Amino acid sequence: MKDFLGENYVHCGEVVQLPLEFVKQLCLKIQCERPESRCDKDLDTFSGYAMCLPNLTRLQTFHFAEHRPILCVEIKPKCGFIPFSNDVTHEMKHKVCRYCMHQHLKVATGKWKKISKYCPLDLYSGNKQRMHFALRSLLQETQNNLRIFKNGELIYGCGDARSPVADLKELAHHLKPFFFPSNGLASGPHCTKAVIRELVHVITRVLLSSSEKARAGALRLGLQGPRVCEASPFSRSLHNQGKNTSEHSGLPKGCLLYKTLQVQMLDQLDIEGLYPLYKRVEQYLEEFPEERKTLQIDGPYDEVFYQKLLDLSTEDDGTVAFALTKVQQYRVAMTAKDCSIMIALSPCLQGTSSDQRPVIPSSRSRLAFSVSVLDLDLKPYESIPHQYKLDSKIVNYYSKTVHAKDDTVRSTRFKEHEDCTLVLHKV
Ligand SMILES: O=P(O)(O)O[C@@H]1[C@@H](OP(=O)(O)O)[C@H](OP(=O)(O)O)[C@H](O)[C@H](OP(=O)(O)O)[C@H]1OP(=O)(O)O
Ligand SMILES: Nc1ncnc2c1ncn2[C@@H]1O[C@H](COP(=O)(O)OP(=O)(O)OP(=O)(O)O)[C@@H](O)[C@H]1O
């Protein structure tokens with residue numbers, strides 16, 4: 001992931017040894033805090049090892065603790081493109097993105113209460129207006145896609161209990177020291193709006209900023225398929241106003257969103273095209289189970305593994321080698337579709353230089369910032385059948401319920417239109 005996303009964005013952490021008794025106690029202590037849906041997963045209490053990561057809610061550009069206030073915005077952007085693979089059988093998948101379709105199933109199953117207006121394609125568009133809309137939508141309905149921390153403490157978004165910890169007014173109150181509104185209003189609804197607008201603008205600027213280059217020429221996947229999701233309320237409203245919905249500015253090549261999208265697009269075949277290849281690898285492993293190690297199914301994720309990921313040919317020669325390459329690329333892509341971006345921001349002291357750290361201007365002062373990526377452990381090979389089933393569940397549910405509803409609304413409108421005849425009588 002360092003090779004794909006860039007050194008500065010990825011923190012590998014280090015493996016540390018822990019006393020078994022400590023891990024056991026820790027596991028017991030956190031169990032009651034874990035959301036029900038995560039309780040099928042356990043801490044590994046037997047290995048005696050753990051990963052020690054830096055606290056990513058703090059600036060990563062300084063190696064000692066800072067005493068200035070620090071804000072951190074965590075975004076889980078999810079998949080930013082619509083599948084372009086010819087193996088896709090559901091027409092809907094070429095029009096509506098997975099996130100927007102999945103929203104309906106999530107609400108139906110009770111994971112979330114409300115459909116979000118957020119669409120990843122808006123965030124990844126590079127178009128400032130669309131990005132602002134995406135960020136505002138995340139602020140309105142955070143789900144597990146947005147969290148805000150102040151000095152390392154969660155101040156906005158869902159905690160583990162899946163209920164929001166504060167409302168927008170409270171958030172604006174927390175943010176005021178960072179983004180004092182330039183119009184001078186210090187309280188009231190105008191102030192809340194001004195502060196939130198400032199936050200959205202700053203985050204957009206950070207997301208579009210470019211830092212170091214990832215490994216030269218690592219991936220060059222051109223964005224194929226539609227750039228707009230038909231379910232996004234932003235594009236729907238433009239479409240209804242008869243405006244061009246395909247407007248996008250494209251992401252700068254050095255920014256993290258661009259790099260993340262490139263890794264996501266390693267999923268070239270979509271799960272529908274990938275699943276038969278997974279079955280081919282499975283069949284081979286059933287026959288030759290001892291080959292699992294040679295095929296690097298469970299790692300090591302080394303240079304040999306990385307080099308194979310760069311083979312973007314989609315010509316299937318019927319070999320296990322081809323199938324394996326596509327399976328491993330899919331796992332990497334899935335990881336990039338589920339990772340989080342941590343943006344840490346801290347005001348620069350007036351009159352001091354920025355110490356050559358990246359800074360972003362805001363209405364109040366300049367903000368030093370750092371961007372990191374979280375949750376980059378490779379998705380397991382075993383999760384592929386689950387992905388296959390979930391994909392068809394999401395599309396079928398969306399097609400049956402939402403699209404059917406849209407059709408009904410359209411046909412009712414048509415009938416109403418037919419029946420509505422205005423008769424003028426002479427008086
Ligand atoms: O499949 P998705 O898109 O629902 O993603 C899962 C996430 O749900 P989300 O849609 O973000 O609410 C899900 O998020 P939550 O734990 O529900 O917050 C996990 O990140 C899951 O990954 P893993 O199986 O724990 O490694 C994610 O599963 P993977 O598909 O990435 O394996
Ligand atoms: N290094 C870190 N610094 C700051 N916050 C972190 C860090 N690691 C994790 N977090 C916070 O904890 C949350 C969960 O982390 P992560 O997604 O890595 O766990 P997970 O592997 O999904 O957990 P599990 O599978 O045990 O439920 C993140 O969304 C983030 O808010």
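## Strand S8 and its partners

Ile360 stands opposite Leu367, a residue of strand S8, and this pair belongs to a predicted model. Strand S7, which covers residues 359-361, is joined to S8 by three bridges, and the two strands run antiparallel. On strand S6, residues 340-347, the pairing with S8 is again antiparallel, with eight bridges joining the two. Within that pairing, Ala344 stands opposite Ser370 of S8.

Is S8 largely enclosed or not, and why? Seven of the nine residues of this strand, which spans residues 366-374, are buried, so S8 is largely enclosed by the rest of the structure. As a general point, the side chains of a regular strand alternate between the two faces of the sheet.

## The surroundings of ligand 2

Around ligand 2 there are 14 residues, and those that come nearest are Arg38, Pro54, Leu56, Glu74 and Asp375. When this shell is sorted by residue type, six of its residues are nonpolar, two are polar and six are charged. Domain 1 (1-53) and domain 2 (55-411) both contribute residues to the shell, and therefore ligand 2 lies between them.

Several polar atoms of the protein can be paired with atoms of this ligand. An N or O atom in the side chain of Asp375 is 2.8 Å from an oxygen atom of ligand 2, while a polar backbone atom of Pro54 is 2.9 Å from a nitrogen atom of the ligand. In the side chain of Arg34, an N or O atom is 3.3 Å from an oxygen atom of ligand 2. Taken alone, ligand 2 exposes 630 Å², and the protein buries 62% of that area.

## The surroundings of ligand 1

Ligand 1 has 15 residues around it, of which Arg38, Arg98, Lys111, Asp338 and Gln387 come nearest. Its shell divides into two nonpolar, three polar and 10 charged residues.

Turning to individual atoms, a polar side-chain atom of Gln387 lies 2.5 Å from an oxygen atom of ligand 1, and a polar side-chain atom of Asn144 lies 2.8 Å from an oxygen atom of this ligand. For Lys41, the distance from an N or O atom of the side chain to an oxygen atom of ligand 1 is 3.0 Å. Ligand 1 exposes 600 Å² when taken alone, and the protein buries 81% of that. Which elements give two or more residues to the shell around ligand 1? They are helix H3 (98-108), helix H12 (320-338) and helix H13 (384-419), and H3 gives the most, with three residues.

Definitions and conventions:
Residues are numbered from 1 along each chain as its sequence is written. Chains are lettered from A and ligands numbered from 1 in the order in which they are written. This is a predicted model: local features need pLDDT of at least 70, side-chain atom pairs count only at pLDDT 80 or more; totals for chains, interfaces and linings use all residues. Side-chain values use heavy atoms; hydrogens and water are left out. A residue is near a molecule or strand if one of its heavy atoms lies within 4 Å of it. A polar contact is a pair of N or O atoms within 3.5 Å; within protein, one must be able to donate a hydrogen and the other to accept it, and residues adjacent in sequence count only if both atoms are side-chain atoms. Accessible areas come from the Shrake-Rupley method with a 1.4 Å probe; for residues, only the protein chains shown count as cover. Ala, Val, Leu, Ile, Met, Phe, Trp, Tyr, Cys and Pro count as nonpolar, Asp, Glu, Lys and Arg as charged, and the others, Gly among them, as polar. Domain bounds come from an automatic or database domain assignment. Helices (H or I, at least four residues) and strands (E, at least two) are DSSP runs, numbered from the N terminus. Buried means under 20% relative accessible area, exposed over 50%, partly exposed in between (1.4 Å probe, protein chains only). Two strands pair if DSSP finds at least two bridges between them.
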